[in-house]
Amino acid sequence: MAVDHAAAEVDHLAAERAAARFDVEAMKIAWAGSRHAVDVADRMARLVASDPVFRKDNRTMLSRKDLFKDTLRKAAHAWKRIVELRLTEEEASLLRQYVDQPGYVDLHWGMFVPAIKGQGTEEQQKKWLPLAYKFQIIGCYAQTELGHGSNVQGLETTATFDPMTDEFVIHSPTLTSSKWWPGGLGKASTHAVVYARLITEGKDYGIHGFIVQLRSLEDHSPLPGVTLGDIGGKFGSGAYNSMDNGVLRFDHVRIPRDQMLMRLSQVTREGKYVQSDVPKQLLYGTMVYVRQSIVADASKALSRAVCIAVRYSAIRKQFGSQDGGPETQVLNYRTQQSRLFPLLASAYAFRFVGDWLNWLYTDVTQKLEVKDYSTLQEAHACTAGLKAVTTSATADAIEECRKLCGGHGYLNSSGLPELFAVYVPACTYEGDNVVLLLQVARILMKTVSQLTSGKQPVGTMAYMGKVQHLMQSKCAVKTEAFEARALRMAVNCAQNIGQASNQEEGFYERSPDLLEAAVAHIQLIIVTKFIEKVHQDIPGHGVKEQLQNLCNVYALYTLHKHLGDFLATGSLTPKQGALANEQLGKLYAQVRPNAVALVDAFNYTDHYLGSVLGRYDGNVYPALYEEAWKDPLNETVVPEGYHEYLRPLLKQQLKLSRL
Ligand SMILES: CCCCCCCCCCCCCCCCCCCCCCC/C=C/C(=O)SCCNC(=O)CCNC(=O)[C@H](O)C(C)(C)COP(=O)(O)OP(=O)(O)OC[C@H]1O[C@@H](n2cnc3c(N)ncnc32)[C@H](O)[C@@H]1OP(=O)(O)O
Ligand SMILES: Cc1cc2nc3c(=O)[nH]c(=O)nc-3n(C[C@H](O)[C@H](O)[C@H](O)COP(=O)(O)OP(=O)(O)OC[C@H]3O[C@@H](n4cnc5c(N)ncnc54)[C@H](O)[C@@H]3O)c2cc1C
């Protein structure tokens, strides 16, 4: 009986695939960016999936110690394979993605190395980078402290220059100055880029980066004056617990002067502080780099969750027709579609805006090399804002996908609880999302205030230059409505702030509205970049049409969800809002026959998805059944503890009932 059921489910997905109205292979290219990108990703995904060391189906059942050791093993094995196979940087980072386990290597490659590249002099790069590239040292990024994370200028660790010995003395003067959170710090790192207040000639020059050795390269023991360890278990089983987020205290630890990262400013042998001619904001450059990579990761996490929910919704059936006919696939319910298809569209939207952001970041980096700092603010606003909007939306979407999978979505074997638990801190790390949106809002207010002086805004703020037109016009339900909404919300905030006794007080009072104005601006960017994408030449039967549909779904869904903003700012009429909603329903009907093929285009292996519900073959029920028996609780028929706790209880009840 079970076998018959399984065959029917498998047929279901085959039928879904056959019904698709576009070329899935061509869509894979549109998603990945090129034929080459599809091929490399495919090769790396299979390499990982076929290697037993990279097994991850038992991860949620491992103890913290075993999970951490498993991470060390995977990282060492991955590195061995990278060296043996002479993998390129592109291949290695894809391999890292498919291993799919947070670990110290992320911070080593993702923050320690970029911090040295961005803030170190050429000489410092020559000394430290070869060691890091060969893993002769392992580094982390030690910025956040127990007392301060968001407020970087409030950090308390000190680096006091001692001209007698030509050294900096690194010290943790208070409990709250303990470094707290850095990934890889707890157990793995030998070195850190430590952010501390630079004090020389009795003056505090604020936060600067220093390379500090933490552990012996001989036996990994902490160096004298260094106290460090792991900060403890985190949310969810498995999940981010593979990472050794750490605590670190310094007791007057001495480092040579040349371990201060000196590209932005220097301290001379005599102890003079010298500022370079580069903007001091470059101190935050590593965060800009990581924020853009977090946007690209948002589409990966969201597409995984959506892939699981779409495939399972095509398999799952509930309720029959009135006359006792076959039951309905839950994917056919309009409510399921209206919850799921906007998430599918968002996965594509975030993918394309992530590609654009990566281009912007590369462009800014090239400009910085020739001392052109003109796009630094744009890069900060876009990376901060897109990081905030895409991670918040993705975290919510993963949880929605869990609910879309009903009860089975709550099982670890669905892959969704762990995906959520790993993903959700992205709303906090690399800048709390509210704090980042307020940064965007500050830049919006600055731009609005400059409009009257005739300064033309550029880049993603250019639309604000059309202020006369956008403040007055009635908008068609297209980009213009998004532009008018964003601009009018920003101008409203600026006017309200202008009425306050001082600007800072006004900003503080209006910060909830400012958040919403920042979100409106960022959503405009996402919609614009999606539209630009679908205007490109996109080969493959039906591919462009599907992307056009998804783009419309993303735009109209966003409009529907934030209709209050559009109406309150007069950017749309209530009638236009109702029409947009009507249109959305029609678009969902067009997505429906293509939904399974649209998630197949992500080209994920079953290993990477890690979900019995999202299996490519749709064989969900036998897999769920089999998976249950693997739980450690099922290792014995009678549970441990029966003789101590259950039996006496049952005997006692029996005696009582005989009385
Ligand atoms: C087991 C696996 C095996 C596999 C093995 C494989 C082997 C290897 C293969 C290779 C793999 C590669 C892997 C790579 C992976 C990469 C992924 C990385 C993973 C990421 C994990 C994340 C971990 C988390 C890390 C962190 O969280 S680090 C700490 C982050 N902290 C923050 O973000 C703090 C937030 N706060 C701030 O940013 C600031 O303090 C503030 C901006 C909020 C306020 O700043 P300030 O006090 O200075 O105030 P102002 O508002 O006045 O700003 C001053 C002016 O500066 C401008 N500004 C601010 N920020 C920036 C900026 N970032 N850039 C530019 N300009 C900036 C403001 O606009 C102001 O400007 P103005 O003066 O003109 O107005
Ligand atoms: C999993 C994980 C990994 C991390 N890895 C690293 C790492 O490798 N290296 C590292 O240095 N750090 C790391 N961090 C630390 C991380 O960067 C900080 O936690 C993050 O920047 C948020 O800062 P906070 O903890 O001080 O939050 P807080 O700023 O204390 O936030 C608390 C609340 O206050 C609100 N808030 C704060 N300021 C304002 C404001 N100005 N206006 C309005 N509301 C405000 C926030 O929105 C939030 O709701 C990691 C954190 C996590 C969770």
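**Figure 1. Helices α12 and α16 are roughly perpendicular to each other in this predicted model.** The axes of α12 (residues 433-451) and α16 (residues 511-534) come within 8 Å. They cross at roughly 80°, and crossings of 65 to 115 degrees count as roughly perpendicular. From α12, the contact draws on Val434, Leu437, Leu438, Val440, Ala441 and Leu444. From α16, it draws on Ser511, Leu514, Leu515, Ala517, Ala518, Val519, His521 and Ile522. Twelve of these contact residues are nonpolar and two are polar. No charged residue takes part in the contact of α12 with α16.

**Figure 2. Helices α2 and α3 pack at an angle of about 90°.** Helix α2 spans residues 24-32, and helix α3 spans residues 35-49. Their axes lie 8 Å apart. The two helices are therefore roughly perpendicular to each other. Lys28, Ile29 and Ala32 form the α2 side of the contact. Arg35, Ala37, Val38 and Ala41 form the α3 side. By class, five of the contact residues are nonpolar and two are charged. The contact of α2 with α3 has no polar residues.

**Figure 3. Leu94 is a buried residue of helix α5.** Leu94 has 21 C-beta neighbours inside 10 Å. It counts as buried because the cut-off is 20 or more. Leaving aside residues up to four places away in sequence, Leu94 touches Val40, Ala41 and Met44. Val48 is 46 residues from Leu94 in sequence. In space, the C-alpha atoms of Leu94 and Val48 are 9.9 Å apart.

**Figure 4. A shell of 38 residues surrounds ligand 1.** The closest are Ala78, Gly103, Gly110, Tyr284 and Gly431. Six helices each give two or more residues to this shell: α4 (64-84), α5 (89-99), α6 (104-119), α8 (285-315), α10 (376-404) and α12. Helix α4 provides the largest share, six residues. By class, the shell around ligand 1 has 17 nonpolar and 17 polar residues. Four more residues of the shell are charged.

**Figure 5. A shell of 22 residues surrounds ligand 2.** Gln143, Thr144, Gly149, Ser150 and Val434 are the closest. The elements giving two or more residues to this shell are β1 and α12. The largest share, three residues, comes from α12. Helix α12 also gives two or more residues to the shell around ligand 1. Val434 of α12 appears again in the contact with α16. The shell around ligand 2 has eleven nonpolar, nine polar and two charged residues.

**Figure 6. Phe135 and Glu430 are loop residues with positive phi.** Most residues other than glycine have a negative phi. Phe135 has a phi of about 60°. It sits in the loop between α7 (122-133) and β1 (139-142). Glu430 has a phi near 60°. Its place is the loop between α11 (416-423) and α12. Is each residue buried or partly exposed? Phe135 counts as partly exposed, with 15 C-beta neighbours inside 10 Å. Glu430 is buried, with 24 other C-beta atoms within 10 Å.

**Figure 7. Glu201 lies in the loop between strands β5 and β6.** Strand β5 covers residues 191-200, and strand β6 covers residues 203-213. Glu201 is exposed, with 12 other C-beta atoms within 10 Å. Residues with 12 or fewer such neighbours count as exposed. Phe161 is 40 residues from Glu201 along the chain. Their C-alpha atoms are separated by 7.8 Å.

**Figure 8. Two annotated domains are shown as spans of the chain.** An unreviewed UniProt entry annotates residues 23-138 as "domain: Acyl-coenzyme A oxidase N-terminal". This span is 72% helix and 0% strand. The end C-alpha atoms of residues 23-138 lie 45 Å apart. The unreviewed entry also annotates residues 479-651 as "domain: Acyl-CoA oxidase C-terminal". Here the chain is 71% helix and 0% strand. The end C-alpha atoms of residues 479-651 are 72 Å apart.

Key
Residues numbered from 1 in each chain as written. Chains lettered and ligands numbered in written order. Predicted model: local features only at pLDDT ≥ 70, side-chain atom pairs only at ≥ 80, totals over all residues. Axes fitted to C-alpha atoms, helices over the stretch in contact; angles between N-to-C directions. Helix = DSSP H or I, 4+ residues; strand = E, 2+ residues; numbered from the N terminus. Parallel < 35°, antiparallel > 145°, perpendicular 65-115°, else oblique. Contact = placed C-beta atoms within 7 Å. Nonpolar A, V, L, I, M, F, W, Y, C, P; charged D, E, K, R; others polar. UniProt positions renumbered as here; feature names shortened; annotations may be inferred. Near = placed C-beta within 6 Å.
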